[in-house]
Amino acid sequence: MQIRTATVQDLSQICAFYKQVCLDQKKDDYSPDWHWGVYPSEEGLKQQINNATVIIATDNDKVIELCRSC
């Protein structure tokens, strides 16, 4: 596993990660009420990546975890 600051090249994997989180939250009564495209959004994530505020963990070049600071 590698932990590093995300780059724009990671954006598609990060978006896929959050899309799955948004889908999975429907199965859990205690999840946040996120809606892909509203919050979080690709543009918002790209801005945070450009500001170096997204840290990701990768395994075999696949994003497996991330942390954002706003």
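The following turns go through the strands, helices and backbone of a predicted model and ask what each label rests on.

Me: What should I know about how this model was treated?
Reply: It is a predicted model, in which local features need pLDDT of at least 70, side-chain atom pairs count only at pLDDT 80 or more, and totals for chains, interfaces and linings use all residues. Residues are numbered from 1 along each chain as its sequence is written, and side-chain values use heavy atoms, with hydrogens and water left out.

Me: What is the mean pLDDT of the chain, and where is confidence lowest and highest?
Reply: pLDDT is the predictor's confidence in each residue, from 0 to 100. The chain has a mean of 90, and 99% of its residues reach 70 or more. Confidence is lowest in E3, at a mean of 87, and highest in H2, at 95.

Me: What makes E1, E2 and E3 a sheet?
Reply: Strands (E, at least two residues) and helices (H or I, at least four) are DSSP runs, numbered from the N terminus. Two strands pair if DSSP finds at least two bridges between them. E1 and E2 have four bridges, and E2 (residues 54-59) and E3 have six, so both count as pairs. The order is E1-E2-E3, open and antiparallel.

Me: Which residues stand opposite each other in these pairs?
Reply: Ile56 in E2 stands opposite Arg4 and also opposite Leu66 in E3. Between E2 and E3, Val54 has Arg68 as its bridge partner, and Asp59 stands opposite Lys62.

Me: Why is one side of E1 and of E3 left without a neighbour in the sheet?
Reply: Strand E1 (2-5) and strand E3 (62-68) stand at the edges, and each has a single partner strand, so one side of each has no neighbour in the sheet.

Me: Why is H1 called oblique to H2?
Reply: Axes are lines fitted to C-alpha atoms, for helices over the stretch in contact, and angles run from 0 to 180 degrees between N-to-C directions. Angles under 35 degrees count as roughly parallel, over 145 as roughly antiparallel, 65 to 115 as roughly perpendicular and the rest as oblique. H1 and H2 (residues 42-50) pack at about 130 degrees, with axes 10 Å apart. That makes the pair oblique.

Me: Which residues of H1 and H2 meet, and what are they by class?
Reply: Contact means heavy atoms within 4.5 Å. Leu11, Ile14, Cys15 and Tyr18 in H1 meet Glu42, Leu45, Lys46 and Ile49 in H2. Ala, Val, Leu, Ile, Met, Phe, Trp, Tyr, Cys and Pro count as nonpolar, Asp, Glu, Lys and Arg as charged, and the others, Gly among them, as polar. The contact therefore has six nonpolar, no polar and two charged residues.

Me: How does H1 lie on the sheet?
Reply: H1 (residues 11-24) lies across E2 and E3, running at about 80 degrees to E3.

Me: What makes the backbone at Pro40, Ala52 and Asn60 worth a look?
Reply: Most residues other than glycine have a negative phi, and most peptide bonds are trans. A cis bond joins Tyr39 and Pro40, with omega about 0 degrees; Pro40 lies in the loop between H1 and H2. Ala52, in the loop between H2 and E2, has a positive phi near 60 degrees. Asn60 takes a positive phi near 55 degrees in the hairpin of E2 and E3, which has two residues between the strands.
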